[in-house]
Amino acid sequence: VDRAIAGEPGQRGQVVFVAAAHNHGVDFDAVKTSGESRVEVYGRATGEETWRVHLTARLRVDGGEPGTPLDLHAVHARCTLPMSGTTYYEHLTGLGLEYRGSFCGVEQVWRGVGEALARLRLPDASCAPSDWGMHPALVDAGLQALFAALPPSGEALGVKEPLVPFSFERVVWHRRGIAAGWCHVKILEGDVASGGAAVGDVAYYDERGALLAECRGLCFVGM
């Protein structure tokens, strides 16, 4: 990530996604032929002439390994502090992160030391998971679960200020979308108590524990 996409309240602008020489999506046939494609995201506010680069990445399609399945029993043994989705969102609202409607996909979380397990489900039945690699609302729900992996303070979450995702090192998609499943979050490093950033890994699984997607080196920073 080169620059966050941000603006003043009410400000309008444009965002363009460019991949494999196409402006509206990814030409996977071209990626398979060349082996790799460059992905870029540009943006500009209304009235600006210059497009700014917000994100650059490399996209690659390969067979790959299926990924290690989720050991639900072992993770539950380490993550022993349960919290309902309703209570969890109340805590997030208290941080200034107010999620509503389809973006309330966390049903339950179990907190541990530097890790957390979350049960995810698409709240809106009209969201067809087959239309996506993974539905954006479900992806976002997994990112929301990062707060549960931060060191807890009693019954509260271990952070006092809102954090937002800023960058990541690598994302791998193993299978197509689901309507419900699990998310396992691990904190790799960070000092959020003093207003710093947090870096972690987020893995998504289906209801049987098969790995669907991984986001490695995800960095969250304070607003």
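Residues are classed as buried under 20% relative accessible area, as exposed over 50%, and as partly exposed in between. In the predicted model described here, this scale places Y99 in the intermediate class: its relative accessible area is 23%, and Y99 is therefore partly exposed. The two other tyrosines considered alongside Y99 fall into the buried class. Y88 has a relative accessibility of 0% and is buried, and Y89, at 10%, is likewise counted as buried.

These tyrosines are joined through their rings. The ring planes of Y89 and Y99 stand at 65 degrees, with the ring centres 6.0 Å apart, so this pair is edge-to-face. The pair connects distant parts of the chain, ten residues apart: Y89 belongs to helix 3 (residues 85-94), whereas Y99 lies in the loop between helix 3 and strand 5 (106-111). Aromatic pairs number four in the model. Among them is the pair of Y88 and Y89, whose ring centres are 6.2 Å apart and whose planes form an angle of 65 degrees; because planes over 60 degrees apart count as edge-to-face, this pair is assigned to that class. Taken together, Y88, Y89 and Y99 make up one aromatic cluster.

A second site is centred on D206, a residue of the loop that runs between strand 10 (198-205) and strand 11 (211-222). The relative accessible area of D206 is 18%, and the residue is therefore buried, the limit being 20%. The side chain of D206 is placed close to backbone nitrogens of two residues that follow in sequence. A polar atom of this side chain lies 2.9 Å from the backbone nitrogen of R208, and a polar atom of the side chain of D206 is also found 2.8 Å from the backbone nitrogen of A210. When residues up to four places away in sequence are left out, the residues touched by D206 are I178, A180, G181, W182 and L212.

W182, one of the residues in contact with D206, also takes part in an arrangement with a charged side chain. The charged end of R119 is positioned over the ring of W182, at 5.1 Å from the ring centre.

Confidence varies along the model. The mean pLDDT of the protein chain is 77, and 68% of the residues reach a score of at least 70. Over residues 20-32 the pLDDT remains under 50; for this segment the model contains 24 contacts beyond four places in sequence.

Methods. Residues numbered from 1 in each chain as written. Predicted model: local features only at pLDDT ≥ 70, side-chain atom pairs only at ≥ 80, totals over all residues. Heavy atoms only, no water. Helix = DSSP H or I, 4+ residues; strand = E, 2+ residues; numbered from the N terminus. Buried < 20%, exposed > 50% of the residue type's maximum accessible area, 1.4 Å probe, protein only. Polar contact = N/O pair within 3.5 Å; in protein donor to acceptor, adjacent residues only side chain to side chain. Contact = heavy atoms within 4.5 Å. Phe/Tyr/Trp six-rings, centres within 6.5 Å; stacked < 30°, edge-to-face > 60°. Lys NZ or Arg CZ within 6 Å of the ring centre and 35° of its normal. pLDDT = per-residue confidence, 0-100.
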